Amino acid sequence: MEKNQSFTHDDHHGFPWKHIIGFILSLVLTFAALFVVLSGALPTTMTLAAIVVLAIFQVLVQLLMFMHLNEHEGAFQTISMAFGFLIALAVVAGSIWVMSFGM
Amino acid sequence: MSETHAVATESRGPLEYATKDGQMKIFGFWVFLGAEVVLFSCLFAVYLAYLHHTAGGPTAHDLYEVKGFLIETLLLLTSSFTCGLGTHELRRRNKAGVLAWLLITLLFGLGFIGMEVKEFVDYVGEGATLSTSAFLSSFYILVGTHGAHVSLGILWMIAVMIQLGLYGINPVTARKAFIVGLYWHFLDVVWVFIFTAVYLTGLVL
Amino acid sequence: MENIKDFLLHDFFVTGEPMIYMADVAIILVSLAIVFVLTYFKKWKWLWKEWLTTVDHKKIGIMYIIAALAMLFRGGADGLLMRAQLALPNLHFLNAQHYNEIFTTHGTIMIFFMAMPFLFGLINVAMPLQIGARDVAFPYLNAISFWLFFFGALLFNLSFVIGGSPDAGWTSYTPLAEKGLDPGVGENYYLIGLQLSGIGTLASGINFIVTILKMRAPGMTLMKMPMFTWASLITSVIIVFAFPVLTVALAMLTIDRLFGAHFFTADSGGMPMMWANLFWIWGHPEVYIVILPAFGIFSEVISTFAGKKLFGYKAMVWSMIVICVLSFFVWVHHFFAMGAGPAVNSFFGVSTMLIAIPTGVKIFNWLLTLYKAKIRFTTANLWALAFIPNFVIGGITGVMLAVVPADFQYHNSYFLIAHFHYVLIAGTVFAVFAGLHYWWPKMFGHMLNERLGKWAFWIFVIGFNVCFLPMHFVGLMGMTRRLYTYPADLGWTPWNFIETIGAFAMGVAFIIMVYNIYWSARYGERDTTGDPWNGRTLEWAVSSPAPEYNFATIPEVKSLDAFWEMKKNGEVEKWRKQPLEPIHMPDNSYRPFVISVLFFIAGFGFVFEWLWLGVIGLIGVFLCLALRSFEKDEGHHIPVEEIERTERAAGRL
């Protein structure tokens with residue numbers, strides 16, 4: 001019943017490429033978001049959309065590159081995270097919507 | 001149940017997955033992280049709903065400073081990277097390497113906490129307390145809960161480092177080190193959202 | 001000195017209430033009796049070794065059920081007090097404050113300290129056996145979950161005699177529940193008792209998910225699992241993603257009350273409605289947490305006593321998965337009338353109607369399982385059969401409530417009370433009674449008496465309908481929820497009087513059930529085969545009560561209804577004769593009990609806003625965590641000779 005799982009065998013020896021790429025990507029995405037905001041180049045809604053998209057990318061980078069999300073029980077772990085983020089979205093968007101009745 | 005305790009059944013793969021017990025604990029921790037995602041989402045929901053509920057008190061624009069939150073971000077991100085390097089050394093079965101990178105991770109983490117404590121103290125000094133407004137209540141609880149998680153993580157990481165020092169790298173200590181690493185990385189994932197939805201949004205909206 | 005005396009008499013001990021003085025006396029007498037009995041029969045060591053430090057899922061399950069039965073008594077007593085007051089108009093033997101406290105503790109206890117622990121108890125007892133495992137994935141954590149529940153419940157119940165009960169309803173709406181309108185410690189007991197217990201629940205959710213996904217016997221794929229196991233898995237998923245919301249809501253209100261924050265205050269930018277929003281984001285999934293395991297129990301009981309495979313296995317699984325996802329998208333229907341506006345209300349009205357569909361599918365599948373079956377009318381099955389029509393009534397009124405404009409009339413009337421009692425009692429309570437009768441022999445090695453069981457069943461079900469059916473009518477006549485008394489000229493009186501009779505009938509049934517438990521312990525028919533019902537699933541393959549290690553050898557599973565197929569194919573003897581090996585089991589531990597005591601102490605401190613005590617308790621908790629981290633828990637092995645002895649004594653070898 002226990003199928004053996006995918007490990008990133010390049011992690012055992014040699015250079016930690018995944019981590020370094022993940023780190024650099026995260027830095028780039030962080031500064032990109034900061035730049036979008038500080039430059040004030042885009043209208044408000046687009047700025048917000050941009051930084052959210054950049055945040056989501058960075059989170060995916062970190063989940064895959066730092067946290068090895070897809071290792072071992074990758075399928076169940078990914079489902080767990082995905083469902084968590086789905087509920088998170090429902091909670092955040094839902095709450096803002098429900099509570100926005102123009103007080 | 002005889003394979004669940006610390007007898008490695010596979011010598012080539014990462015040690016933390018070598019026992020059934022290790023596999024179950026790591027998987028269980030991922031499930032726990034799913035719960036933590038929802039926990040933080042509630043804190044974010046309330047924070048965003050109360051963004052402008054400042055009750056005449058200090059606002060995000062009044063308080064947040066780019067230099068401060070950028071440094072916090074870089075400290076935590078770097079610590080997540082160094083923690084990852086620790087896991088890499090763990091898989092190379094290099095005890096000294098693991099301890100070195102975890103120590104560096106800890107120091108960056110302490111730096112992060114130090115800056116955050118200073119940030120809170122400064123805000124309080126400017127009259128921005130937990131009971132000033134709903135906005136501030138939610139700011140302190142969101143960022144404070146994250147900070148409390150990091151502080152707990154620091155203590156946890158120290159405990160794991162002590163055990164690595166005492167017992168070396170075996171399936172049990174490898175699993176513990178891997179899990180505290182997962183926890184640490186997760187806290188940086190949450191911070192990406194805090195950086196975005198709290199600090200950057202605070203400059204925009 | 002004056003101050004201390006003042007504090008003790010006015011704020012600490014509840015004074016001036018005869019009923020509470022009686023409770024004080026009862027508590028002291030019962031505690032003394034327990035201490036006396038344990039000492040006289042020299043059972044302290046036994047209690048410590050066998051129960052307080054156990055990590056065995058079967059024992060933990062039994063402890064959950066015992067606690068739940070005790071809480072059913074208290075919650076039921078609360079209910080009877082309410083019904084007594086409302087039997088006739090203008091009664092005031094309970095004043096408004098008393099009544100508020102009673103309906104608060106009634107609801108809170110029934111949901112958090114009766115329904116959930118009862119279900120968790122049954123899941124603990126049966127699920128690992130059903131999947132062919134020797135325990136849950138994290139036995140130590142399992143013990144922590146139980147003791148956190150126990151001490152959370154203890155803290156909550158303590159409020160009755162020390163400090164005063166919470167009184168803001170089980171839903172604890174703000175701004176009433178804020179310090180300004182509800183000073184005193186009662187509400188703090190609610191917030192902190194539930195917080196403690198909630199940690200245990202979340203841990204159980206994680207534990208059960210990992211157990212079911214990682215510890216099934218070889219050959220048991222997901223689609224070959226028993227339906228109760230599926231229900232437990234999906235319930236656990238809901239728990240993991242819903243309970244953090246409650247954690248946050250409780251914490252925010254606690255911080256409002258203790259530290260002057262403004263999450264839900266009516267001033268300084270707070271929004272009281274935010275509490276209702278967060279509470280129900282948790283609260284709706286919660287009702288599915290208490291109903292899905294019930295559905296699982298019914299699936300097992302109905303198919304066993306129909307002697308037939310459950311109809312539509314795949315649809316049953318998928319309907320629960322759909323319910324799981326949808327349950328997070330319907331929460332506003334609990335507060336349509338609070339002013340979120342037509343767009344929000346429309347969305348949630350539609351989603352609420354949608355969620356009725358998968359449940360409907362399940363009802364049809366149970367009916368189709370019974371169709372053309374040779375049905376055995378055991379007590380367990382009577383509870384399951386009665387569930388079908390009674391729950392459907394509750395389901396239908398639920399769809400009526402989902403019609404938003406109509407809900408503006410029904411909301412917070414007795415119509416609503418009727419609805420949720422029909423789904424909760426006919427759903428969850430009938431299920432736990434069914435499960436109790438069904439799995440009792442597996443837990444204790446003897447059967448519950450069928451005659452007493454059937455008397456209790458009929459009196460309860462009739463009493464239940466007599467109590468709650470009229471509530472639909474009196475609700476439509478305008479009787480509002482949480483009214484502590486009512487005037488005589490509204491035409492409500494005859495209905496209320498009838499309802500009270502029904503309620504007391506349920507009380508009588510409960511007494512019969514308790515007597516059944518006592519009688520059966522002394523004279524009940526012993527279960528010598530381990531399979532008293534000609535069961536279909538693996539828990540019936542082991543002796544009754546199940547041995548410590550569950551299975552001498554883990555079975556190899558080839559199909560759904562694994563044990564039924566083994567019996568059909570004549571494979572049971574061969575399996576029992578397989579060579580034995582020593583079995584590795586986890587060690588007992590004192591720490592789950594101790595950590596929960598420390599949490600209790602911390603909680604007590606926070607309730608009374610003695611932050612120093614709270615901090616001391618929490619430091620103790622952290623020390624326990626650290627001790628656990630540094631401990632080497634190797635467990636122990638049960639030698640082959642002992643396994644042989646146990647199996648031979650059970651007639652297996």
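In the predicted model, helix α15 (residues 450-476) of chain C packs against helix α16 (residues 493-523) of chain C at an angle of about 160°, and their axes lie 7 Å apart. Angles over 145 degrees count as roughly antiparallel, and α15(C) and α16(C) are therefore roughly antiparallel to each other. The crossing in which α15(C) passes α16(C) is left-handed. Sorted by class, the contact of α15(C) with α16(C) holds 25 nonpolar, 5 polar and 1 charged residues. Confidence in chain C can be stated for the chain as a whole: the average pLDDT is 96, and 100% of the residues score at least 70.

A second helix pair was examined in chain B. The secondary structure of this chain amounts to 6 helices and 0 strands, and its pattern along the sequence reads α-α-α-α-α-α. The C-alpha trace of chain B spans about 65 × 30 × 25 Å along its principal axes. Two packed helices are described by the angle between their axes and the distance between the axes. For α1(B) and α6(B), the axes come within 11 Å and cross at roughly 20°. Angles under 35 degrees count as roughly parallel, which makes α1(B) roughly parallel to α6(B). The crossing of these two helices, α1(B) and α6(B), is right-handed.

The residues that α1(B) brings to this pairing include B:G22, B:K25, B:I26, B:F29 and B:L33, and among them are also B:E36, B:F40, B:F44, B:Y47 and B:L48. On the side of α6(B), the residues met include B:P171, B:R175, B:F178, B:I179 and B:L182, and among them are also B:F186, B:V190, B:F193, B:A197 and B:V198. Divided by class, the contact of α1(B) with α6(B) has 16 nonpolar, 1 polar and 3 charged residues.

Helices α1(B) and α6(B) also take part in the contact between chains. In that contact, 38 residues of chain B meet 41 residues of chain A. On the side of chain B that touches chain A, α1 (20-49), α3 (66-91) and α6 (171-204) of chain B each supply at least two residues. The largest share of this side, 14 residues, comes from α1(B). By class, the side of chain B that touches chain A consists of 24 nonpolar, 11 polar and 3 charged residues.

Chain A also touches chain C. That contact takes 12 residues from chain A and 17 residues from chain C. The side of chain A that touches chain C has 10 nonpolar and 2 polar residues, and no charged residues.

Within chain A, two domains are assigned: domain 1 (7-71) and domain 2 (73-103). The contact between these domains takes 4 residues from domain 1 of chain A and 4 residues from domain 2 of chain A. On the side of domain 1 of chain A that touches domain 2 of chain A, the residues divide into 2 nonpolar, 1 polar and 1 charged.

Confidence was also considered for the complex and for chain B. The predictor gives the complex an ipTM of 0.96 and a pTM of 0.96. Chain B has an average pLDDT of 93, with 94% of the residues scoring at least 70. Over residues 1-10 of chain B the pLDDT is below 50, although this stretch has 28 contacts in the model beyond near neighbours in sequence. Where pLDDT is low, the predicted coordinates should not be read in detail.

Definitions and conventions: Residues numbered from 1 in each chain as written. Chains lettered and ligands numbered in written order. Predicted model: local features only at pLDDT ≥ 70, side-chain atom pairs only at ≥ 80, totals over all residues. Contact = placed C-beta atoms within 7 Å. Helix = DSSP H or I, 4+ residues; strand = E, 2+ residues; numbered from the N terminus. Nonpolar A, V, L, I, M, F, W, Y, C, P; charged D, E, K, R; others polar. Domains from an automatic or database assignment. Axes fitted to C-alpha atoms, helices over the stretch in contact; angles between N-to-C directions. Parallel < 35°, antiparallel > 145°, perpendicular 65-115°, else oblique. Left-handed = near helix turned anticlockwise from the far one by under 90°. pLDDT = per-residue confidence, 0-100.
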